[in-house]
Amino acid sequence: MIPVVHDYETKSGKDITKHGRQVHLNDPHADIVFLSYKIGMEKTQLWKPGLPIPECFENPEPYHFFAFNAQFDWAVTNILGVKYGFKAQRLDQITDVMALCGRYSYPQKLEKAATAMNLPIAKDRRGKA
């Protein structure tokens, strides 16, 4: 399996912190703002609606996906991504990095986990905007 690390930024008429993931993603105004992804050791790439679909999302079978809070990214692919031609992902194709942090007693907030692991790259807080 080829590893793909990915992260979506979305927008919606429903605030995810007040209404939850499903309401946020199923709102008629919900959409993908962009998707960042990294295949293996390749350079991180950016996809925006209107660009060609990344091959790993058009044909996900040879890939295994990793995301922090993977339930969200899996739902984005399967609810919003399919509208752009992304193939739906199976649950066994994705690993939740946040859950792995919890398993090994690291914080389950990305910025805190990165700090606890002394990673050289910090979470970009502009994502909340």
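Two strands pair if DSSP finds at least two bridges between them. Keep that rule in mind as we walk through this predicted model, since strand pairing is a good place to begin.

Let us start with strand β4, which spans residues 63-67. Its neighbour β5 covers residues 94-96, and the two strands run parallel, joined by three bridges. If you would like a spot to look at, find A67, which stands opposite D96 in β5. Between these strands the chain passes through helix α4, residues 70-79, and the resulting β-α-β crossover is right-handed.

Strand β4 also pairs with strand β1, residues 2-11, again in the parallel sense, here over four bridges. On this side you can pick out V5, whose bridge partner in β4 is F66. Is β4 mostly covered or mostly open? It is mostly covered, with four of its five residues buried.

Now step back for a moment to take in the whole chain. How many helices and strands does the chain have? There are six helices and five strands, and from the N terminus on they follow the order β-α-α-β-β-α-β-α-β-α-α. The chain has 129 residues, and buried ones make up 30% of them. Its accessible surface comes to about 8200 Å², with 57% of that belonging to carbon and sulfur atoms. Contacts reach well along the sequence too: among those between residues at least 6 apart, 61% join residues at least 24 apart.

Next, return to helix α4, the helix of the crossover, and take three of its residues in turn. D73 has its place in this helix. At a relative accessibility of 1%, D73 counts as buried, because the cut-off for buried is under 20%. Setting aside neighbours within four places in sequence, D73 is in contact with H6, D7, Y8, A67 and F68. For Y8 there is a further detail: a polar atom of the D73 side chain lies 3.1 Å from the backbone nitrogen of Y8. D73 can also be placed relative to L35, which is 38 residues away in sequence, while their C-alpha atoms are 9.7 Å apart in space.

V76 lies in helix α4 as well, and with 0% relative accessibility it counts as buried. Which residues does V76 touch, not counting those up to four places away in sequence? They are Y8, T10, L25, I32 and G81. A88 is twelve residues from V76 along the chain, and the C-alpha atoms of the two are separated by 9.6 Å.

The third residue, N78, is also found in helix α4. Leaving aside neighbours within four places in sequence, N78 is in contact with A88 and Q89. With Q89 we again meet a side chain and a backbone nitrogen: a polar atom of the N78 side chain lies 2.8 Å from the backbone nitrogen of Q89.

You have now met Y8 as a contact of D73 and of V76, and Y8 leads us on to the aromatic rings. A pair of aromatic rings is described by the distance of the centres and the angle of the planes. How many aromatic pairs does the count come to? It comes to seven. One of the pairs is formed by Y8 and F57, with 6.5 Å from centre to centre and 65° between the planes, an edge-to-face arrangement. Y8 lies in strand β1 and F57 in helix α3, residues 55-58, so this pair ties together parts that are 49 residues apart in sequence. Both Y8 and F57 are buried.

F57 has another ring partner in Y37. Here the ring centres are 6.1 Å apart and the planes stand at 80°, so this pair is edge-to-face. It too links distant parts of the chain, with Y37 in strand β2, residues 31-39, and F57 in helix α3, 20 residues apart. Y37 is buried with a relative accessible area of 8%, and F57, at 1% relative accessibility, also counts as buried.

Finally, follow the rings outward from F57. Ring pairs link Y8, Y37, W47, F57, Y63, F65, Y84 and F86 into a cluster. With Y8 in strand β1, tracing this cluster brings you back to a strand that pairs with β4, close to where our walk began.

Conventions
Residues are numbered from 1 along each chain as its sequence is written. This is a predicted model: local features need pLDDT of at least 70, side-chain atom pairs count only at pLDDT 80 or more; totals for chains, interfaces and linings use all residues. Side-chain values use heavy atoms; hydrogens and water are left out. Buried means under 20% relative accessible area, exposed over 50%, partly exposed in between (1.4 Å probe, protein chains only). A crossover is right-handed if, with the strands pointing away from the viewer, the path from the first strand over the helix to the second runs clockwise. Rings of Phe, Tyr and Trp (its six-membered ring) pair if their centres lie within 6.5 Å; planes under 30 degrees apart count as stacked, over 60 as edge-to-face and the rest as tilted. Contact means heavy atoms within 4.5 Å. Accessible areas come from the Shrake-Rupley method with a 1.4 Å probe; for residues, only the protein chains shown count as cover. A polar contact is a pair of N or O atoms within 3.5 Å; within protein, one must be able to donate a hydrogen and the other to accept it, and residues adjacent in sequence count only if both atoms are side-chain atoms.
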